[in-house]
Protein chains: 2
Amino acid sequence: MHAFDVLGDPVRRRILELLAGGERTSGAVCDVIREEFGISQPAVSQHLRVLRDSGFASVRPQGARRLYAVRHEPLRDVDAWLDPFRRFWAPHLDALGTELARGRRADRLRDDGEDDYDEGSAT
Amino acid sequence: MHAFDVLGDPVRRRILELLAGGERTSGAVCDVIREEFGISQPAVSQHLRVLRDSGFASVRPQGARRLYAVRHEPLRDVDAWLDPFRRFWAPHLDALGTELARGRRADRLRDDGEDDYDEGSAT
DNA sequence: GGCTTATATAAGCCACTACTGATACGGTCG
DNA sequence: CGACCGTATCAGTAGTGGCTTATATAAGCC
């Protein structure tokens, strides 16, 4: 399942948000999700499985419980996919921070018009 | 349709990548997509419609053709959603660029409220 | 050991989404 | 005007994903 498909589900996004706050047990996640979305425990468990399988979450047993945590790699992939678009809304940032982190790829960018990008060569 | 659902489809992601290179006509997009994915013209048109409806693309008629272009707002929403996770892989950046941008953005919002995307303050 | 808790899996159902072929509709050109 | 291009829409269909209920497995506790 592609990263964007995984994030396509609101329950999974919410779970990731929860995990962003730190490790949580399956049960703890389940409580919140059941409350907010009104779905069953197996449903949550299935979402956790998807997150595991797609690399968005890691698990660590603690007695009978399972501690889930965020894994950043797939999220970074998503972030990377956004990169070519980011210049549309943050040209100055491009020159400042993001640019720094990713290596400059945007020499050809003009920053005198955010709306005005280069006409694709028609080939 | 939620932004992440829109991006969940590989064809739509590809179309956005194409449009990131500059405006293209429906036909031009169609040619590439048909070649790469082997789907029909109506299928591409339907994807373009989804992109339109969800705000990811804008259209501009030019004679009998339709010129499509990327609209950045929904992509920025996605970017914003990623923010709380970004610290996992770019802590220094957080302090340097992204954080700065968020701060400034929030600042501008407070200042002249030009934007209306979810600031995340709701929790 | 036997009951309870914590979590995962299995099977079946339903809704949704993306596709195709057919068709409509406006613009262009001879 | 009429034929044709470029694009969008419609109707129908197949596949997929997420949900539920029922059940399995493992750990904790008396």
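1. Let's start with some vocabulary: two strands pair if DSSP finds at least two bridges between them. Helices (H or I, at least four residues) and strands (E, at least two) are themselves DSSP runs, numbered from the N terminus.

2. A word on what you're looking at: this is a predicted model, where local features need pLDDT of at least 70 and side-chain atom pairs count only at pLDDT 80 or more, while totals for chains, interfaces and linings use all residues. Residues are numbered from 1 along each chain as its sequence is written, and chains are lettered from A and ligands numbered from 1 in the order in which they are written.

3. Chain A has six helices and three strands, and if you walk along the sequence you meet them as α-α-β-α-α-β-β-α-α. Of the 123 residues in chain A, 27% are buried (20 or more other C-beta atoms within 10 Å of a residue's own, with C-beta atoms placed from the backbone).

4. Now the sheet in chain A: it is open, its three strands sit in the order β1-β3-β2, and the pairing is antiparallel. At the edges you'll find β1 (24-25) and β2 (57-62) of chain A, each pairing on one side only.

5. Look closer at β2(A) and β3(A) (residues 65-70): six bridges join these antiparallel strands. One of the partnerships is Ala57(A) with Val70(A).

6. Over in chain B, β2 (residues 57-62) and β3 (residues 65-70) also pair antiparallel, over six bridges. Gln62(B) faces Arg65(B) in β3(B). The β2(B)-β3(B) hairpin has two residues between its strands, and Gly63(B) takes a positive phi near 65° there.

Conventions
A residue is buried if 20 or more other C-beta atoms lie within 10 Å of its own, exposed if 12 or fewer, and partly exposed in between; C-beta atoms are placed from the backbone.
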